[in-house]
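Hi everyone, thanks for coming. Let's have the sequence and the structure up on the screen, and then I'll walk you through a few places in it.

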Amino acid sequence: ASQLVGTNYTANYQVVVSNDSGSVTSAVATLTVTIPPLTVASAGIPIWNPAGNQTNIVVLFSAAVDPVTAVIAGNYSLDNGASVLSAAIGDTPGKVILTTSVLNPGTAYNLTVQNVKDSFHITMPSPSSVLVGTYPATVALWLRAGTGVTTNSDGTVSQWNDLSSNGNSLL
């Protein structure tokens, strides 16, 4: 029988070999696999959307996360007066996308993650903090293909407006 105890997955195995003369069964061998603790592998630089009054942060975990605990906004917190509004599973099992209050470009924020479980339902051993938000305001920009684009009569782009409100338009 196999079982998960703490962070160890243990199973017993034995082999039966048979031929025309009969069969023989090996002794029981125990295999134990230790599951490494879930950690925050990285948290991406915020994606600012001031027009939508929000910011998104992509958090990558070291392994697949439990989809129930990973989407609880209260398991994530930011300092400097910012807050996490919601959390959603990304396009891979270890990716979570946070929607936060508007973060200021050029301001560093500490993101703290706690109580998230991995796919084996093992809770992170301790809160994990990671720094996010280190784009300098002078270089942060947000472009959108269908918004803020000015074209010449021949269809070439003459200006692409920065939607981050930092004034870093492309000319």
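**A short tour, from surface to core**

Let's start with tyrosine 9, which sits in strand S2. Before we go on, please keep in mind that this is a predicted model.

Is tyrosine 9 buried, exposed or something in between? Its relative accessible area is 35%, so tyrosine 9 counts as partly exposed, because that class runs between the 20% and 50% cut-offs.

Tyrosine 9 also has company. Together with Leu4, Tyr13, Leu31, Val33 and Phe120, Tyr9 forms a nonpolar patch on the surface. The accessible area of these residues adds up to about 550 Å². Two elements give two or more residues to the patch: strand S2, residues 8–13, and strand S5, residues 29–34.

Now let's go inside. In soluble globular proteins, nonpolar side chains tend to be buried together. Here, the largest nonpolar core has 22 residues. Which residues have the most contacts inside this core? They are Phe61, Tyr76, Leu78, Leu98, Leu111 and Val116. Several strands give two or more residues to the core, among them S8, S9 (76–78), S11 (95–100) and S12 (109–113).

Take phenylalanine 61 as an example. Leaving out residues up to four places away in sequence, the residues that phenylalanine 61 touches include Leu38, Val40, Tyr76, Val96, Val116 and Met124.

Next, a polar residue: asparagine 56, in strand S8, which covers residues 54–61. Where does asparagine 56 stand, buried or exposed? Its relative accessible area is 18%, so asparagine 56 is buried, as the cut-off for that word is under 20%. What does its side chain reach? One partner is the backbone oxygen of leucine 98, at 3.4 Å. The asparagine 56 side chain also makes a polar contact with the side chain of threonine 99, at 3.1 Å. And you have met leucine 98 already, as one of the core residues with the most contacts.

Last stop: the loop between S10 and S11, where we find aspartate 91. With a relative accessible area of 64%, aspartate 91 is exposed, because over 50% earns that label.

Side chains of opposite charge can pair when their charged atoms come close. Which residue pairs with aspartate 91 in a salt bridge? The answer is lysine 95, with 2.9 Å from N to O. How many salt bridges are there by this count? Just one salt bridge is counted.

That's the tour, thanks for listening!

Methods. Residues are numbered from 1 along each chain as its sequence is written. This is a predicted model: local features need pLDDT of at least 70, side-chain atom pairs count only at pLDDT 80 or more; totals for chains, interfaces and linings use all residues. Side-chain values use heavy atoms; hydrogens and water are left out. Helices (H or I, at least four residues) and strands (E, at least two) are DSSP runs, numbered from the N terminus. Buried means under 20% relative accessible area, exposed over 50%, partly exposed in between (1.4 Å probe, protein chains only). A polar contact is a pair of N or O atoms within 3.5 Å; within protein, one must be able to donate a hydrogen and the other to accept it, and residues adjacent in sequence count only if both atoms are side-chain atoms. Patches are made of residues with over 30% relative accessible area and no salt bridge: like charges are joined within 9 Å, nonpolar side chains (Val, Leu, Ile, Met, Phe, Trp, Tyr) within 5 Å. Accessible areas come from the Shrake-Rupley method with a 1.4 Å probe; for residues, only the protein chains shown count as cover. A salt bridge is a side-chain nitrogen of Lys or Arg within 4 Å of a carboxyl oxygen of Asp or Glu. A nonpolar core is a set of buried Ala, Val, Leu, Ile, Met, Phe, Trp, Tyr and Cys residues joined through side-chain atoms within 4.5 Å. Contact means heavy atoms within 4.5 Å.
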